[in-house]
Amino acid sequence: MAIVQEATDGATRKRFRRAKSELGPLERKNGRYGWIFISPWLIGFFLFYLLPMAASAFFSMLDFQLSVPDEATFIGADNWRRALFNDPNVWRSWVVTLRFAVINLPLGLAVAFGFALLLNSEYLRGKNLFRTLFYAPSVVPFIAATLIFSQVLNSQSGWVNRIIALFGVDAVGIDGIRWFDDPTLIPITFTFIGIWGVGNAILINLAGLQGVPSSLYESAAIDGAGWWRRMWNITIPMVSPVIFYNLVLGLVGLLQYFLQPFVLNGTTGYPEGATSFYMIYFYKQAFQFAQMGYGATLAWILFFVALAFTVVTFGTARYWVYYSGDSA
Amino acid sequence: MKPMVTRREPTAFDEATARLKRRRLLRQWAVTIVALALASVWLMPLLYAGVTSLKTRTQAVDSPILPTEIAVYDYEGREYEVYEVPVDGTVETWALVNKGRESSEFVDPNNPDAGLIAWEGRWRTLEPARSISFAWGNYPEAWEKINFPRLLGWTLFYATITLIGAVSSSALVAYGFARFKFRARGVLFMVLMATIILPPAVTQVPSYAFFSWIGWTGTWLPLIVPQFFANAYNVFLLRQYFLTIPNEMEQAAAVDGAGPLKTFVAVILPQAIPAMTAVSLFHFFFAWNDFFGPLIYLVSNRDLQPISVGLTLFNGVYDTEPQLIMAASFITLVIPLVIFFFAQRIFIQGIVITGVDK
């Protein structure tokens, strides 16, 4: 990972610089230009990240209704207490969100990996064409994809149920498979929509597969290793950094899942709260009810949950992610 | 080089090679057929959207696979439905003029001068003849009802102006990280990369309060201005590319007396066109998709909404007209799809760089 590498680079460079003790005048000037070049980001980071984050932390201790800003009052930890202990919607929306993530994430990773394996197969003809076809849905704007799926999966007129019906299942109609009305099906329904846009992960996986040295497979073949063995002992470990990358980004993205449920059901949570994802609840509190204080608190809870998951994921990385470049 | 042709009996080795070849061919067929089957399932929703967008409202709800109508025939000033009538072992397509319980009168559209033909049998058992008809009118209807030119205009405006801002600022920052040594560079770069996993929600509430305070809500400003301060994805991708450009050219430029900014514009940027194009494409797609920001800032101002928000509201209002929603979705996805097909190579390379090098 470049992030990790960069960190170690920075450390060694610092040590090296101290040993040299003094920067030449040219280098110092050079460094000044570095600051000038990165200044757009530095300013933006201060204005649009640090400052709002500090403000957000302060907001979370206020009772602050945007329509009456003058009546904002300091209430200490009340928002936090409410969110963590007294607001069942918070927990419910986390259950909805995490249940969805648990279903969507492994399926998404597996489908992306499977497609990449197929595209990397030495037996596949017309690779470029298939790569384009499998990627194409990923450039369909999310809003259009969501609306299309809301109709393809329509219990009455959608083709998916019609196709399932061909296999003798009574899928069509009121008593059929109701993808958008059955709370237990909702996570699967949304997973379909999500998996349609898995193109980036396919491409990254594919690049990972292409990067596995063929010498590894050759020596495994000499040792008589079969397909499964090669898959488990060579392919998966070699592309594990790619899977890790997709996992981290996928996880962080899923915790903030918003567009699809919002487009289909607004903030109603239909059916039976099954689409009350955490971001939907956050949107409702912060922007529909204009509760700046409670909204900020909910945002910080999202931050800590995302942070916890990221830290845990990075923590497990050394047990299953293989970096061939790691000599240390 | 042609192998020498000699007459000899096929050896065991030849047979084994032939068998291997056959097996290879068989596997190629099998894998390619699997891929074809997957691709058709994969693209089925697009086909569905295309077909539905060309149906009438009744067809979209009743949903025959294709947009078909019961054919009608105009006979002496009145319209009659056309049926498939079995006559003497063949099937004729005749228009039903006079309905009767046990026998009916038809007219042959190909030979109307022959007049009415009596047919013995129950007309209710007959299949109506269907003809495919595409309701192209859905497109202009959706286009107008949703006020597409306005949505499209704002989306393009947003995409273009933030593309300029985000790409140019990110290029500067990326160059700064790629080429200059300064204190805390490693730490700063890590901070920048960490913003990728920072949920935007954390900054959104106070930003919203602030923009509302200075009167920017209901305008595009809160969505455009922050884009001019670089972002982690773009910086990462451009930096990776800048690192591959050899140093010598910059040194030569420096010897000629060009300052760093001039060197960057005159030497580096022209060489980084592929990476700049990739980043621009990504930004364009991001802007086309951007939803949460436009939603919170523009939900109250219908006149300024982009496609993503406009289509959501349209979906809420016209949910009984699926064919219009599909037509609108189709118009929305055509532009990105066309861009993708033309710029595929650059696009795919860019994704691979961000994903694999990290």
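**Exercise 1. Helix α11 of chain B**

How many residues does helix α11 of chain B have, and how far does it reach from its first C-alpha to its last?

*Solution.* A word before starting: this is a predicted model. Step one is to count: helix α11 runs over residues 273-289 of chain B and has 17 residues. Step two is to take the end-to-end reach, which is 24 Å from the first C-alpha to the last. Step three is to compare with the expectation: at 1.5 Å a residue, 24 Å is expected, and the reach is close to that.

To finish, look at burial along the helix. The buried residues of α11(B) include B:A275, B:M276, B:A278, B:V279, B:L281 and B:F282. Further along, B:H283, B:F284, B:A287, B:W288 and B:N289 are buried too.

**Exercise 2. Helix α1 of chain B**

Work out whether the ends of helix α1 of chain B agree or disagree with the expected span, then locate its kink.

*Solution.* Start with the span. Helix α1 of chain B covers residues 12-52, and its 41 residues should span 60 Å at 1.5 Å a residue. Its end C-alpha atoms are 59 Å apart, so the two values agree.

Next, find the bend. α1(B) has a kink of about 45° at B:L43, shortly before the proline B:P45. That proline, B:P45, is itself buried, and other buried residues of α1(B) include B:A35, B:L46, B:Y48 and B:A49.

**Exercise 3. The strands of domain 2**

Trace how strands β2, β3, β4 and β7 of chain B pair, and name residues that stand opposite each other.

*Solution.* First place the region: chain B is divided into domain 1 (11-52), domain 2 (68-132) and domain 3 (139-356). The centres of domain 1 and domain 2 of chain B are 46 Å apart, taken over C-alpha atoms.

Now take the pairs in turn:

- β2 (residues 72-75) and β3 (residues 78-87) of chain B are antiparallel, with 4 bridges. B:Y73 stands opposite B:Y80. The two strands form a hairpin with 2 residues between them, and B:E76 in the turn has a positive phi of about 50°.
- β3(B) is joined to β4 (residues 90-98) of chain B by 6 bridges, also antiparallel. Here B:Y83 has B:W94 as its bridge partner. This hairpin has 2 residues between its strands, and B:D88 in the turn has a positive phi of about 50°.
- β3(B) and β7 (residues 127-128) of chain B are antiparallel, with 2 bridges. B:Y83 stands opposite B:P128 in β7(B).

Putting this together, B:Y83 is paired with B:W94 in β4(B) and with B:P128 in β7(B).

**Exercise 4. Unusual backbone geometry**

Find what is unusual about the backbone at A:P271, A:E272 and B:N147.

*Solution.* Recall the background: most residues other than glycine have a negative phi, and most peptide bonds are trans.

Begin in chain A, where a cis peptide bond joins A:Y270 and A:P271, with omega about -10°. A:P271 lies in the loop between α12 (259-265) and α13 (278-288) of chain A. A:E272 lies in the loop between α12 and α13 of chain A as well, and it has a positive phi of about 50° although it is not a glycine. A:E272 has 12 other C-beta atoms within 10 Å, so it is exposed.

Then move to chain B. B:N147 has a positive phi of about 55° although it is not a glycine. B:N147 sits in the loop between α3 (138-145) and α4 (148-179) of chain B. With 15 other C-beta atoms within 10 Å, B:N147 is partly exposed.

**Exercise 5. From the chain contact to B:T354**

Describe the side of chain B that touches chain A, then decide whether B:T354 is buried or exposed.

*Solution.* The contact takes 77 residues from chain B and 79 residues from chain A. Helix α14 (residues 322-356) of chain B gives the largest share of the chain B side, 15 residues. By type, that side divides into 52 nonpolar, 20 polar and 5 charged residues.

B:T354 is in helix α14 of chain B. Since 20 or more C-beta neighbours make a residue buried, count them: B:T354 has 21 other C-beta atoms within 10 Å, so it is buried. Leaving aside its neighbours within four places in sequence, B:T354 is in contact with B:Y233, B:F236 and B:L237.

Terms used:
Residues are numbered from 1 along each chain as its sequence is written. Chains are lettered from A and ligands numbered from 1 in the order in which they are written. This is a predicted model: local features need pLDDT of at least 70, side-chain atom pairs count only at pLDDT 80 or more; totals for chains, interfaces and linings use all residues. Domain bounds come from an automatic or database domain assignment. Two residues are in contact if their C-beta atoms, placed from the backbone, lie within 7 Å. Ala, Val, Leu, Ile, Met, Phe, Trp, Tyr, Cys and Pro count as nonpolar, Asp, Glu, Lys and Arg as charged, and the others, Gly among them, as polar. Two strands pair if DSSP finds at least two bridges between them. The expected span of a helix is 1.5 Å times one less than its number of residues. The bend at a residue is the angle between axes fitted to the seven residues ending there and the seven starting there.
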